[in-house]
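Here is a short report on a predicted protein model. It follows the strands, the core and a few residues worth a look on screen.

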Amino acid sequence: GAGPPPEGAGTPTHVYKVSRDGHDVAMVGTYAAGVGDQSELVVSFVRPAAAANLSVRVMADASGGGGAEFVVEYAPPAAGGPSVSEVIVGCPTINASARLRLSPSDTTIDVRVFSDRALAEAYWMNGRVAMTVPAACDRECDMSVRADGAEVGLVSATAWKVRSMWI
């Protein structure tokens with residue numbers, strides 16, 4: 001799983017479902033001004049049995065666009081193939097991608113995203129792949145989780161407001 005909340009985190013926010021562009025999307029809270037632009041989001045998907053595209057968007061505008069989107073282009077390992085499989089992860093917002101190695105014991109696909117007004121950092125599977133991208137945000141930022149393709153279970157999606165790094 002994605003693990004416990006960070007030390008000192010407040011109460012996690014709520015998750016609710018909406019439809020956008022013909023797709024069901026899990027929205028991870030709707031925030032008051034200034035909350036979603038400095039946050040941590042931890043998402044854990046059940047590892048799909050078939051091909052699927054998994055997506056986490058942070059710092060999104062009210063229409064669900066903008067911000068930074070982090071994806072997993074999941075394809076199950078070939079029958080009789082190697083025990084370790086690779087999937088493509090990345091950020092289509094900046095046209096960046098990398099390969100994420102999954103072992104047969106990985107039952108979930110986890111993504112942790114930190115956002116801080118001008119940047120978003122994503123860590124797949126506890127840092128096996130990491131990516132930092134520029135991401136502008138207005139003061140009312142949303143977060144969303146989405147899966148296209150095979151039926152995909154959402155184990156958890158939890159967000160926390162983080163404090164400023166300036167003491």
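V111 in strand β8 has W124 in β9 as its bridge partner. F114 faces E121 of β9 across the pair. In total, 6 bridges join β8 (residues 108–116) to β9, and the two run antiparallel. Strands here are DSSP runs of E with at least two residues, while helices are runs of H or I with at least four; both are numbered from the N terminus. Two strands count as paired if DSSP finds at least two bridges between them.

The hairpin of β8 and β9 has 2 residues between the strands, and R117 in this hairpin takes a positive phi near 60 degrees.

On to the other pairing of β8. Here 9 bridges join β3 to β8, again antiparallel. V46 stands opposite T108 in β8. Strand β8 is mostly covered, with 7 of its 9 residues buried. Buried means under 20% relative accessible area, exposed means over 50%, and partly exposed lies in between (1.4 Å probe, protein chains only).

**Reading the model**

This is a predicted model: local features need pLDDT of at least 70, side-chain atom pairs count only at pLDDT 80 or more, and totals for chains, interfaces and linings use all residues. Residues are numbered from 1 along each chain as its sequence is written, and side-chain values use heavy atoms, with hydrogens and water left out.

The average pLDDT of the protein is 78, and 71% of the residues score at least 70. Over residues 1–6 the pLDDT is below 50, and this stretch has 11 contacts in the model beyond near neighbours in sequence. For residues 9–14 pLDDT also stays under 50, with 13 contacts beyond four places in sequence. pLDDT is the predictor's confidence in each residue, from 0 to 100. A contact means heavy atoms within 4.5 Å.

**The sheet**

The protein has 0 helices and 12 strands. Of its 167 residues, 41% count as buried. Among contacts between residues at least 6 apart in sequence, 60% join residues at least 24 apart.

Five strands form an open sheet in the order β10-β9-β8-β3-β12, with antiparallel pairing. Strands β10 and β12 (154–161) stand at the edges with a single partner strand each, so one side of each has no neighbour in the sheet. From one strand to the next, the twist averages 10 degrees. That angle is taken between N-to-C directions of axes, which are lines fitted to C-alpha atoms (for helices over the stretch in contact), and runs from 0 to 180 degrees.

S44 is found in strand β3 (residues 38–46). S44 counts as buried because its relative accessibility is 0%. Its side chain makes a polar contact of 2.6 Å with the side chain of D110. A polar contact is a pair of N or O atoms within 3.5 Å; within protein, one must be able to donate a hydrogen and the other to accept it, and residues adjacent in sequence count only if both atoms are side-chain atoms.

**The core**

Which residues have the most contacts inside the largest nonpolar core? They are V58, F70, A120 and W124, in a core of 34 residues. Strand β4 (residues 52–60) gives the most to this core, with 5 residues. A nonpolar core is a set of buried Ala, Val, Leu, Ile, Met, Phe, Trp, Tyr and Cys residues joined through side-chain atoms within 4.5 Å.

Beyond four places in sequence, V58 is in contact with residues including L41, F70, V113, A120 and M143.

**Loops and an exposed glycine**

Most residues other than glycine have a negative phi. Two loop residues with positive values are listed here.

| Residue | Phi | Loop | Relative accessibility |
|---|---|---|---|
| N95 | near 60 degrees | β6 (85–91) to β7 (96–102) | 73%, exposed |
| M125 | near 50 degrees | β9 (119–124) to β10 (129–134) | 7%, buried |

G149 lies in strand β11 (residues 142–149). At 72% relative accessibility, G149 counts as exposed. G149 and A52 are 97 residues apart in sequence, yet 4.4 Å apart in space, C-alpha to C-alpha. Leaving aside neighbours within four places in sequence, G149 is in contact with A51 and A52.
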